[in-house]
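Good morning, colleagues. Please take a moment with the sequence and the structure before I begin.

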Amino acid sequence: MIIDFKNIVYLKQGNERQKLAYAAIAKYQVLEKLEDYNPLLTGTIPIEIDLPDSDLDIICHCKDHMRFGDFLEKKFGNETGFKLTTTVQNGIEATVATFIADDFEFEIFGQNVPTERQNAYRHMLIEHWLIQEKGNDFKQAVVELKSKGFKTEPAFAKLLGIKGDPYVELLKLEDNL
């Protein structure tokens with residue numbers, strides 16, 4: 001099944017957790033508020049391999065981290081548990097805001113990389129393709145490993161017999177999409 005992950009409307013027809021995620025994102029107008037940063041929902045909820053405590057990962061393209069951080073604080077700073085950090089991931093500066101709303105932890109992640117080229121989005125597309133290719137038993141095996149403490153990419157790598165850094169090695173499958 002082909003899903004347009006750039007438009008979260010697919011969540012409205014998804015499983016119960018996806019419907020709740022859609023409602024929370026819409027209620028807090030998260031994507032509308034982030035519109036200038038080309039936001040994309042990524043992670044496990046869109047591809048139905050989430051656990052009960054999985055967060056809503058929203059990636060953004062930000063060129064000015066100071067400005068982006070100020071913007072996030074202004075728009076979401078009053079939300080429960082709001083935290084803002086700037087870090088370096090994969091050699092690239094990243095600004096991350098987290099907060100709780102409607103029983104979901106939101107993680108808004110910004111890098112000076114177009115969202116469609118950020119690893120979170122690329123990994124999600126690859127993982128979705130693998131699930132489509134390998135079927136429901138494979139999908140359930142991923143969820144089972146995740147429930148035992150595996151992060152998503154290492155779970156996929158283990159099931160596929162991929163050696164090395166799973167975050168790097170999974171990206172090598174991108175040409176198969």
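Which residue follows α5, and what is the sign of its phi? The residue is G149, and its phi is positive, near 110°. I should state at once that this is a predicted model.

Let me stay with helix α5, which covers residues 136-147. Its twelve residues should span 16 Å at 1.5 Å a residue, and the end C-alpha atoms are indeed 16 Å apart. The buried residues in α5 are F138, K139, V142, V143, L145 and K146. Viewed down the helix axis, these buried residues fall within an arc of 160°, so they line one face of α5. As a general point, an α-helix has 3.6 residues a turn, so residues three or four places apart point the same way. The partners against which the buried residues of α5 pack are α4 (119-134) and α6 (152-160).

I turn now to helix α3, residues 65-76. This helix has twelve residues and reaches 16 Å from its first C-alpha to its last, close to the 16 Å expected at 1.5 Å a residue. Buried in α3 are H65, F68, G69, F71, L72 and F76. Seen down the axis of α3, the buried residues lie within an arc of 160°, so here too one face of the helix is lined by them. The face turned away from that buried side carries the exposed residues M66, R67, D70 and K74. At the N-terminal end, D64 acts as the cap of α3, with a side-chain oxygen 3.1 Å from the backbone nitrogen of M66.

What covers the buried residues of α3? The cover includes α2 (30-33), together with the strands β2 (56-61), β3 (80-89), β4 (92-101) and β5 (104-111).

Next, the aromatic residues. A search of the whole structure finds six aromatic pairs. One of them joins Y37 and F71, and this pair is tilted, at 5.2 Å centre to centre with 50° between the planes. Y37 lies in the loop between α2 and β1 (40-42) and F71 in helix α3, so the pair ties together parts that are 34 residues apart in sequence. Both partners are buried: Y37 has a relative accessible area of 14%, and F71 has a relative accessibility of 18%. A further pair is formed by F99 and F106, whose ring centres are 5.0 Å apart and whose planes meet at 10°, so this pair is stacked. F99 and F106 are both buried. In addition, Y37, F68 and F71 form one aromatic cluster.

This brings me to the core. In soluble globular proteins, nonpolar side chains tend to be buried together. Here the largest nonpolar core has 52 residues, and V30, L34, F106 and I108 touch the most other members. Beyond its neighbours within four places in sequence, I108 is in contact with V30, L34, I58, C60, F68, L72, F76, T95, V96, A97 and F99.

Finally, consider G110, in strand β5. Is G110 buried or exposed? G110 is buried, with a relative accessible area of 0%. Not counting residues up to four places away in sequence, G110 touches C60, C62, H65, F68, E93, A94 and T95. G110 and K63 are 47 residues apart in sequence, while their C-alpha atoms are 8.6 Å apart in space.

Thank you for your attention.

Definitions and conventions: Residues numbered from 1 in each chain as written. Predicted model: local features only at pLDDT ≥ 70, side-chain atom pairs only at ≥ 80, totals over all residues. Heavy atoms only, no water. Core = buried A, V, L, I, M, F, W, Y, C linked by side-chain atoms within 4.5 Å. Buried < 20%, exposed > 50% of the residue type's maximum accessible area, 1.4 Å probe, protein only. Contact = heavy atoms within 4.5 Å. Helix = DSSP H or I, 4+ residues; strand = E, 2+ residues; numbered from the N terminus. Expected span 1.5 Å × (residues − 1). Arc of directions from axis to C-beta. Polar contact = N/O pair within 3.5 Å; in protein donor to acceptor, adjacent residues only side chain to side chain. Phe/Tyr/Trp six-rings, centres within 6.5 Å; stacked < 30°, edge-to-face > 60°.
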